[in-house]
Each structure stands twice: as C-alpha cells, then as structure tokens.
Amino acid sequence: MAHKARSGTFDPKKFLATVNGGRTIATYRKDNVIFSQSSPADAVFYIQKGKVKITVTSEQGKEAVVAILGPGEFIGEGCLNGQVLHLATASALTEAEVTRVDKKEMLRVLHDEPTFSEMFMAHLLTRNSRVVADLVDQLFNSSEKRLARTLLLLANFGKEGVPEPIMAKISQETLADMIGTTRARVSFFMNKFRKLGLIEYNGHLKVHSALLNVVLSD
C-alpha cells in the first residue's frame, strides 16, 4: 500500500535534523572530507551548520574551488539522477554539522511528502540559477566584479537583506581559485575594497552592502 503524504504535519527541517531510517548526522572539523571525488554517490547531504567547500581535481592534479555552501543547502544530489560516483570533493571549510540521507530514504520522502519535495525543488531551482549566474560572471565580468560578487554571496547578501560577517577564514588563494584569477589580483582588490570602506577586517571579514555598487557598475 502506498505511503500517504502528511504535508499538513511533516516538517522538512525536523526530518533532516533527526537520526532515523537512513539518516545520520556527523560533525566535521575544518578540512575534514565529507565525500571525495570518484567515491560512490549513494546519499544526499544537508548542511545544518558551518561552511562546506566543493572542489574538483583534474587528471593532472590541478584543484579548483567550484562552490562554497552553507546552512540549508544540499550537496551530493546527483545520486538521485543516476550518478554513480561523486564528481567533486566536499570538505568542511569550518567546523560543520551535516545530515546524510541514504538515496533510498531520500527518494521515499520526495515521493511521500509534498512539503519536502517543494523545499528540495526550491533548492534545485536556486542552485541552477546560481550556476547560470556564475557562468555569466566568468564570461563577462572583470575579476574585480567577480570577487565583489563572491564576497557578497559568502556573506549571504540577499537572504536577509544585510550581509553577515564571513566567519570562515577563507584564504586569498581560495578566493583566487573561485573567481579564476591570481592571488596577487585578489590581494590588490581586497586592499582597494578596504580602503574604500566596502569591507573591513575585525577578527572576521565584514562585507558592507555598498560593495554591491562594484558589481552593478559598468
């Protein structure tokens, strides 16, 4: 007999925060690997706390940072589309708490719970829009604009309207990898942003809304 949807009482976030039926929760220290490129893709992961870095390594051993994700985001969802092996490595950029949901359990809840399906679909649509925006950014924007946009995204600008301090100590090398430029260029623009009062250092990197003007300028 088919499962009945319980959209009126089902809480997706409570489901993801509970250890039961194919769900486990683990805490990762900085630099701990959550899953590796080419390892079996048999589960979806949900970030509860902290920041997670997604990297890809070429056959020649060159590593590139393709994304930095935070709380409320899924990773490893490619397994739901028949992906057998992970195409990237996910590692903790800060101490992170991550829920692992087995592929079978993930497919079940997507089928049975409309509320969860809506939440997951919203994630996929947002991720798709981000990928398109990243591609446009790489193709048409200067490295200065790409850096400004990346800092705003890392500070969650747009989610609550006001940028948050970037708690993770993200190196200039990592930022350079993310925007496709050199560490020297990143250092130059970071100093420029600081002198203009667009960012500040006070233990953690603080991004001001005015940095958006760099992204929007012609």
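Is R149 buried or exposed? In this predicted model, R149 is buried, with a relative accessible area of 15%, a value that falls under the 20% limit used for that class. The surroundings of this residue were examined through its salt bridges, of which the structure as a whole holds 12.

R149 forms a salt bridge with D134, and the closest N and O atoms of this pair are 2.7 Å apart. The contact links distant parts of the chain, since R149 belongs to helix 4 (residues 143-154) whereas D134 belongs to helix 3, with their positions 15 residues apart in sequence. A salt bridge also joins the side chains of R149 and D137, with an N to O distance of 3.5 Å. Because R149 lies in helix 4 and D137 in helix 3, this pair ties together parts that are 12 residues apart in sequence. Like R149, D137 is buried.

D134, in turn, forms a salt bridge with R130, in which the closest N and O atoms are separated by 3.4 Å. Here both partners lie in helix 3 (residues 114-140), and they are four residues apart, which corresponds to about one turn of the helix. D134 is partly exposed, with a relative accessible area of 22%, and R130 is likewise partly exposed, its relative accessible area being 23%; both values exceed the 20% limit below which a residue would be called buried.

How values were computed. Residues numbered from 1 in each chain as written. Predicted model: local features only at pLDDT ≥ 70, side-chain atom pairs only at ≥ 80, totals over all residues. Heavy atoms only, no water. Salt bridge = Lys/Arg side-chain N within 4 Å of Asp/Glu carboxyl O. Helix = DSSP H or I, 4+ residues; strand = E, 2+ residues; numbered from the N terminus. Buried < 20%, exposed > 50% of the residue type's maximum accessible area, 1.4 Å probe, protein only.
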